[in-house]
Amino acid sequence: MKITASQLRQDLSFFGSFGQQGYGYRVEQLLDEVNRILGLNYGTDMVMVGAGYLGKALLNYENFRKRGFVIQAVFDIDPELIGKTLNGITVRPSSQLATYLEQNPTEIGIICTPAAAAQNVADIMVQSGIKGIWNFAPVTLKVPETTYVEHVHISESLMVLSFKIRQAYRNG
């Protein structure tokens, strides 16, 4: 990561005192504390809108559940997908999203829809109490400051990687 031990200690001290001066850290205790800071020591319920290729890939990624992130419900508009079970979860019609969230308070919403549908989905999520949105749609969402959004632009990330490779070959 190209950071010094001193910098790591300073960064960790922002969250409290974990180690003993001159002895370092007890790894198990430090891991527990970092998990607590990141909110990984308890389960986080999530809902996902969009059960296409990307949505299915996210549903099948077991590491989320291992880290406490559990997709509880999946929504889509495709009649071919609605009612199908994907990784143990039955796909529901997107029209039921607000009702579901009203009955099942959820912290994180995942958007895997086309760009044209993403803002509407985000609006429903925000109005229904979602605190954070993980957005895979290729659009920047407009949400209140009280809602956190993490945008994942897959094609932009690939272009950045390509650029870095080209720069390395030009400079090396």
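## A walk across the sheet

Start by selecting Gly88, which sits in the loop between S3 and strand S4 (89–93). Keep in mind as you go that this is a predicted model. Is Gly88 buried or exposed? Its relative accessibility is 68%, so Gly88 counts as exposed. Now add Asn60 to the selection: the two residues are 28 apart in sequence, and their C-alpha atoms are 9.9 Å apart in space.

Stay at this loop and pick Asn87. The hairpin of S3 and S4 has two residues between its strands, and Asn87 takes a positive phi near 50 degrees there. The two strands of the hairpin are antiparallel, with two bridges between them. To see one of the pairings, select Leu86 together with its bridge partner in S4, Ile89.

**Zoom out to the whole chain**

Color by secondary structure and you should find seven helices and seven strands. From one end of the sequence to the other, they come in the pattern α-α-β-α-α-β-β-β-α-β-α-β-β-α. The chain has 172 residues, and 27% of them count as buried. Take the contacts between residues at least 6 apart in sequence: 48% of these join residues at least 24 apart. Switch on the surface and you are looking at about 11900 Å² of exposed area, 55% of it supplied by carbon and sulfur atoms.

Next, show just the strands. In which order do the seven strands line up? They form an open sheet that reads S3-S4-S2-S1-S5-S6-S7, with mixed pairing. Strand S3 (85–86) and strand S7 (148–151) are the edges; each has a single partner strand, so one side of each has no neighbour in the sheet.

**Step across, strand by strand**

From S4, move to strand S2 (residues 69–76), which pairs with S4 in the parallel sense over three bridges. Val74 and Val91 are worth selecting here, since Val91 in S4 is the bridge partner of Val74.

Jump now to strand S1 (residues 44–49). S1 and strand S5 (residues 108–111) run parallel, paired over four bridges. Pick Val47 and look across to S5, where Gly109 stands opposite.

S5 also has strand S6 (residues 132–135) alongside, running parallel and joined by four bridges. Ile111 marks this pairing, with Asn135 in S6 standing opposite. Add helix H6 (residues 115–127) to the view: S5, H6 and S6 together make a right-handed β-α-β unit.

One more step takes you to the edge. S6 and S7 run parallel, again with four bridges; select Trp134 and you will find Glu150 of S7 opposite.

**The loop before S7**

Select Thr147, in the loop between S6 and S7. Is Thr147 buried or exposed? With a relative accessibility of 8%, Thr147 counts as buried. To see what surrounds it, leave out residues up to four places away in sequence and show the contacts: Thr147 touches Val126, Ile130, Lys131, Gly132 and Ile133.

**Last stop: helix H7**

Finish with Leu158, which lies in helix H7 (residues 154–171). Leu158 has 56% relative accessibility, so it counts as exposed. Extend the selection to Leu161, Ile165 and Tyr169, and turn the surface back on. Together with Leu158, these residues make a nonpolar surface patch of about 460 Å².

Conventions. Residues numbered from 1 in each chain as written. Predicted model: local features only at pLDDT ≥ 70, side-chain atom pairs only at ≥ 80, totals over all residues. Heavy atoms only, no water. Buried < 20%, exposed > 50% of the residue type's maximum accessible area, 1.4 Å probe, protein only. Contact = heavy atoms within 4.5 Å. Areas by Shrake-Rupley, 256 points an atom, 1.4 Å probe, with all protein chains shown as cover. Pairing = 2+ DSSP bridges. Right-handed = clockwise from strand over helix to strand, strands pointing away. Patch = residues over 30% accessible without salt bridge, like charges linked within 9 Å, V, L, I, M, F, W, Y side chains within 5 Å. Salt bridge = Lys/Arg side-chain N within 4 Å of Asp/Glu carboxyl O.
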